[in-house]
Amino acid sequence: MAEAKFTIIDGGRVAEVGAREGVELARRAEAAGRPVAVDPDERVAYLGVSARERATALASLEAPDFTLPDLDGRLHSLSRHRGTKLLLVAYGSW
Amino acid sequence: MYEELRGYGFTVITVAIDRSVEDARPWIEAAKPTHPALIDTAHVLTDLYNIVNVPTILWIDERGRIVRPNDVAFGTDIFKHITGLEAARHLAALRAWVRGEATAMPEARARALQSLPTDGDQQARAELGLGEWLYTMGRTEAAARHFVRAGELAPHDFTIRRGTMPMRGIDPMGPKFREMLGAWVQAGNPYYRPLPE
């Protein structure tokens, strides 16, 4: 019988691996201090980013870069706006 | 405001923290913005900047440095009776900074006012990310379990507790939200956390 599949989501990338490898990848991420969320029934794990990594980046006061789409699917990066002052506004329809 | 200040080398970027492009579309189409109006369906921004509610604003200078960390401000006074926050105060401070009439706060002060994520916050964001993936795969029941778990890990994070309500079939403006907010406020917790200055 073929080994059951397992999904690993890591930094926006989604990979299908064998169940044993998936469990091992999740274990290793956890051992490295990363937050890991697992759903054993759905056979999927999400590997997050540690508080230490995020806190270090924020405390440096360098604005973390991101790339997100607009309504037309065009991608925009924060870093492209270097050289101008910027107001960043997060909101939600909820 | 953006139109008034853009001549000073100023940009606004808005990011809708929403379940889907379609949830964000009517708001963006009504506002007809001339600045980038982006959509974040995977809580990318909230994870990077430790954003726990909306609206959240930050000021970033020409060198790409955060000169005013996460703060609460509204563009208008429609919610003033609920929030007690006046739009004009933030607009005046922003205008003075953009025009170069006032400097932003010193770096040490900006750092002192930052709220940095804890292990619990990041574990909550992992549960949230797992839930969002399950939701996009149509496994809504499994997704809801992880959204609830995420909210338990970070009860102050309303991008999780309220923001995931539409993905759990709950009206985010309805009785379930008011009940959650009531319990939170009754326990002595603030829903909005504006900077003291």
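Two strands pair if DSSP finds at least two bridges between them. Keep that idea in mind as we walk through this structure, which is a predicted model.

Let's start where the two chains meet. Strand E7 of chain A, residues 85-91, runs parallel to strand E1 of chain B, residues 10-17, and 7 bridges join them. To find your place in this pairing, look for Leu88(A), which stands opposite Ile13(B) in E1(B).

Now step back to the whole contact between the chains. Chain B brings 68 residues to it and chain A brings 43 residues. On the chain B side, helix H7 (residues 119-136) gives the most, with 11 residues. Sorted by class, this side of chain B that touches chain A has 39 nonpolar, 13 polar and 16 charged residues.

Next, follow chain B by itself. Its domain assignment gives domain 1, covering 2-113, and domain 2, covering 119-186. Taken over C-alpha atoms, the centres of these two domains of chain B are 23 Å apart. Their contact takes 12 residues from domain 1 of chain B and 12 residues from domain 2 of chain B. The domain 1 side of this contact divides into 5 nonpolar, 4 polar and 3 charged residues.

Finally, pick out a single residue, Ala108(B), in helix H6 (residues 107-113) of chain B. Is Ala108(B) buried or exposed? A residue is exposed if 12 or fewer other C-beta atoms lie within 10 Å of its own. Ala108(B) has 8 C-beta neighbours inside 10 Å, so it counts as exposed. From Ala108(B) to Leu45(B) is 63 residues in sequence and 24 Å in space, C-alpha to C-alpha.

Technical notes: Residues are numbered from 1 along each chain as its sequence is written. Chains are lettered from A and ligands numbered from 1 in the order in which they are written. This is a predicted model: local features need pLDDT of at least 70, side-chain atom pairs count only at pLDDT 80 or more; totals for chains, interfaces and linings use all residues. Domain bounds come from an automatic or database domain assignment. Two residues are in contact if their C-beta atoms, placed from the backbone, lie within 7 Å. Ala, Val, Leu, Ile, Met, Phe, Trp, Tyr, Cys and Pro count as nonpolar, Asp, Glu, Lys and Arg as charged, and the others, Gly among them, as polar. Helices (H or I, at least four residues) and strands (E, at least two) are DSSP runs, numbered from the N terminus. A residue is buried if 20 or more other C-beta atoms lie within 10 Å of its own, exposed if 12 or fewer, and partly exposed in between; C-beta atoms are placed from the backbone.
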